[in-house]
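This report looks at one helix and one strand, and at the elements that surround them. Please read it beside the sequence and the model displayed here.

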Amino acid sequence: MGDSKMIEFKPIDRTNYNECLELKVAEEQKNFVAPNIDSLVQAAYEPDFYPIGIYEGGKMVGFILYDFDYELNGWSMSRFMVDEKYQNKGIGNAALKAFVDFFTCKHGRLPLYTSAEVDNTVAITLYEKYGFERQEVFGYESGGRTYREIRLKLQL
């Protein structure tokens with residue numbers, strides 16, 4: 001299952017942001033996750049946004065952005081990605097499991113929300129495997145495009 005991988009998290013800062021910008025998802029996933037540059041800009045200007053790199057073996061292999069969502073009045077993992085070169089190696093599984101532990105240590109046993117495009121069955125299946133439960137489907141517009149996502153909630 002890949003849980004034996006040594007996953008570490010480090011805040012994105014001036015020492016590693018270029019590494020973060022180089023991370024890319026596979027071509028067929030580009031409609032499912034915002035580019036990391038968008039997430040870093042958002043984190044620079046929004047309060048309570050925390051960008052962190054996913055490291056495995058000392059190398060950044062993925063990225064998580066989590067934040068306090070005032071609309072939900074709760075914490076949200078708003079971005080979760082693993083670079084295409086490191087996919088299908090169990091890193092996504094290990095990173096999600098490690099992030100839940102990291103989040104619980106930092107913030108306590110609070111509900112954690114995430115969302116995924118309704119067509120992103122790979123992400124939805126991964127989240128459900130770790131106890132996230134499906135909530136409502138919602139839509140929004142961004143950059144002239146309409147998105148339909150399903151919200152998921154993990155009760156810690």
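Two strands are taken to pair if DSSP finds at least two bridges between them. The model is predicted, and strand 5 is a useful place to begin. In this model, 3 bridges join strand 4 to strand 5, and these two strands run parallel; within strand 5, Thr 114 has Met 77 standing opposite. Between strand 4 and strand 5 the chain crosses through helix 3, and this β-α-β crossover is right-handed. Strand 5 is also joined to strand 7, by 6 bridges, and here the strands run antiparallel, with Ile 150 of strand 7 as the bridge partner of Ala 116. The two pairings are set side by side below.

| Strands | Bridges | Direction |
|---|---|---|
| Strand 4 and strand 5 | 3 bridges | parallel |
| Strand 5 and strand 7 | 6 bridges | antiparallel |

Strand 5 is mostly covered, since 5 of its 6 residues are buried.

Helix 4, which spans residues 121-129, has Ala 123, Ile 124, Leu 126 and Tyr 127 buried. Seen down the helix axis, these buried residues fall within an arc of 160°, so they line one face of helix 4. An α-helix has 3.6 residues a turn, so residues three or four places apart point the same way. The face turned away from the buried side of helix 4 carries Thr 121, Val 122 and Thr 125, which are exposed.

What do the buried residues of helix 4 pack against? Their partners are strand 4 (74-82), helix 3 (91-107), strand 5 (112-117), strand 6 (133-142) and strand 7 (145-154). Helix 4 is followed by Gly 131, whose phi is positive, near 100°.

Conventions. Residues numbered from 1 in each chain as written. Predicted model: local features only at pLDDT ≥ 70, side-chain atom pairs only at ≥ 80, totals over all residues. Heavy atoms only, no water. Buried < 20%, exposed > 50% of the residue type's maximum accessible area, 1.4 Å probe, protein only. Helix = DSSP H or I, 4+ residues; strand = E, 2+ residues; numbered from the N terminus. Arc of directions from axis to C-beta. Contact = heavy atoms within 4.5 Å. Right-handed = clockwise from strand over helix to strand, strands pointing away.
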